[in-house]
Amino acid sequence: MGRVQLFEFNDVAFAPDFLQEAILDSLGEVLDRGRVIDALFPHFATFVEEAKVGEILDLGAGSAQVARILARSLESAGREGPRIVLTDLRPRPLAWAEAEARSGGRIQSVRRSVDAAAIPPEVAAGRARMIINAIHHFPPELVRRILADAVHAGAPIFIAEGFDRELRGFVPFIRLGTGLLLTNPLRARRGRVARALCTWALPLIPLAAVWDGFVSTMRVHTLPELHAMASEIAPHWRWEGGEFRFAAGGKGIWFWGMPSAGM
């Protein structure tokens with residue numbers, strides 16, 4: 001199936017904050033309770049071991065749920081680092097402040113807007129980068145710019161998606177997330193009334209979430225596509241990738257790159 005660049009409600013400026021937060025919160029709960037990030041963690045841990053950096057920028061950090069799970073996993077594995085630094089083109093300061101406060105110093109954030117394709121030197125310096133469940137938002141030309149910016153900075157970069165480019169790829173998220181999505185107003189920290197109305201009275205949030213999920217699967221960049229883009233930009237770098245599997249028949253992809261030894 002060819003890649004299609006359609007919109008997601010989680011992307012667009014006209015979608016109200018409570019709707020976007022509901023979708024992000026529910027997805028974060030699926031990633032946690034479905035142990036999606038736990039299944040990815042061994043590959044992330046290998047990347048961390050190879051990258052040998054003390055901090056890693058989380059590009060497109062969203063609600064910070066991925067960073068929270070990874071920080072928890074790093075702690076459980078007895079690793080002191082790396083510290084995860086949240087960044088996004090559209091920062092979410094309230095969610096990030098909460099993540100920082102609960103992380104025991106393992107999570108920090110940059111509260112101003114940060115473009116993943118043009119990271120300021122003072123933010124980039126000495127840090128690796130990761131984009132988890134977010135790079136499908138970007139068209140190929142922007143993915144190339146993100147990779148090129150990492151290569152220019154000499155920054156190891158880790159990319160992962162919780163699905164591949166097949167419509168059935170989102171089915172595990174439906175299995176894992178339907179109940180969480182329908183009960184999200186009960187756990188909302190903000191906008192609880194609006195979420196309740198748009199979940200139970202008029203099901204805008206569930207419909208928007210399902211749309212975003214299926215569109216996400218149609219926008220995923222496959223491993224061969226990522227390899228082709230990365231190898232064209234930096235054939236001298238070391239690029240590796242593969243698949244990981246999680247509950248309910250889920251399958252995701254991971255991909256990372258870093259300067260070859262001796263560079």
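For the charge count used here, Lys and Arg are positive, Asp and Glu are negative, and His and the chain ends are left out.

**View 1. The whole chain in a predicted model.** Welcome to the overall fold, shown as a predicted model. The chain holds eleven helices and seven strands. Its C-alpha trace spans about 60 × 45 × 35 Å along the principal axes. A compact globule of 263 residues would have a radius of gyration near 18 Å, and because the chain has 18 Å, the two agree.

**View 2. Charges and the exposed surface.** Take a look at the side chains that carry charge: 30 are positive and 29 are negative. The centres of these two sets lie 4 Å apart. As for the surface, the chain exposes about 11600 Å², with 59% of that area supplied by carbon and sulfur atoms.

**View 3. Inside the chain.** Here we turn to burial and contacts. Of the 263 residues, 52% count as buried. Among contacts with a separation of 6 or more, 75% are made by residues 24 or more positions apart.

**View 4. Arg219 and its neighbours.** Let's finish with a single residue. Arg219 sits in helix H10, which covers residues 204-219. Is Arg219 buried or exposed? Arg219 counts as buried because its relative accessibility is 1%, and the cut-off for buried is under 20%. Leaving aside residues up to four places away in sequence, Arg219 touches Arg3, Val4, Gln5, Leu6, Phe7, Glu8 and Asp11, together with His136 and His137.

Terms used: Residues numbered from 1 in each chain as written. Predicted model: local features only at pLDDT ≥ 70, side-chain atom pairs only at ≥ 80, totals over all residues. Heavy atoms only, no water. Helix = DSSP H or I, 4+ residues; strand = E, 2+ residues; numbered from the N terminus. Rg over C-alpha atoms; globule rule 2.2 N^0.38 Å. Buried < 20%, exposed > 50% of the residue type's maximum accessible area, 1.4 Å probe, protein only. Contact = heavy atoms within 4.5 Å. Areas by Shrake-Rupley, 256 points an atom, 1.4 Å probe, with all protein chains shown as cover. Charge placed at Lys NZ, Arg CZ, Asp CG, Glu CD.
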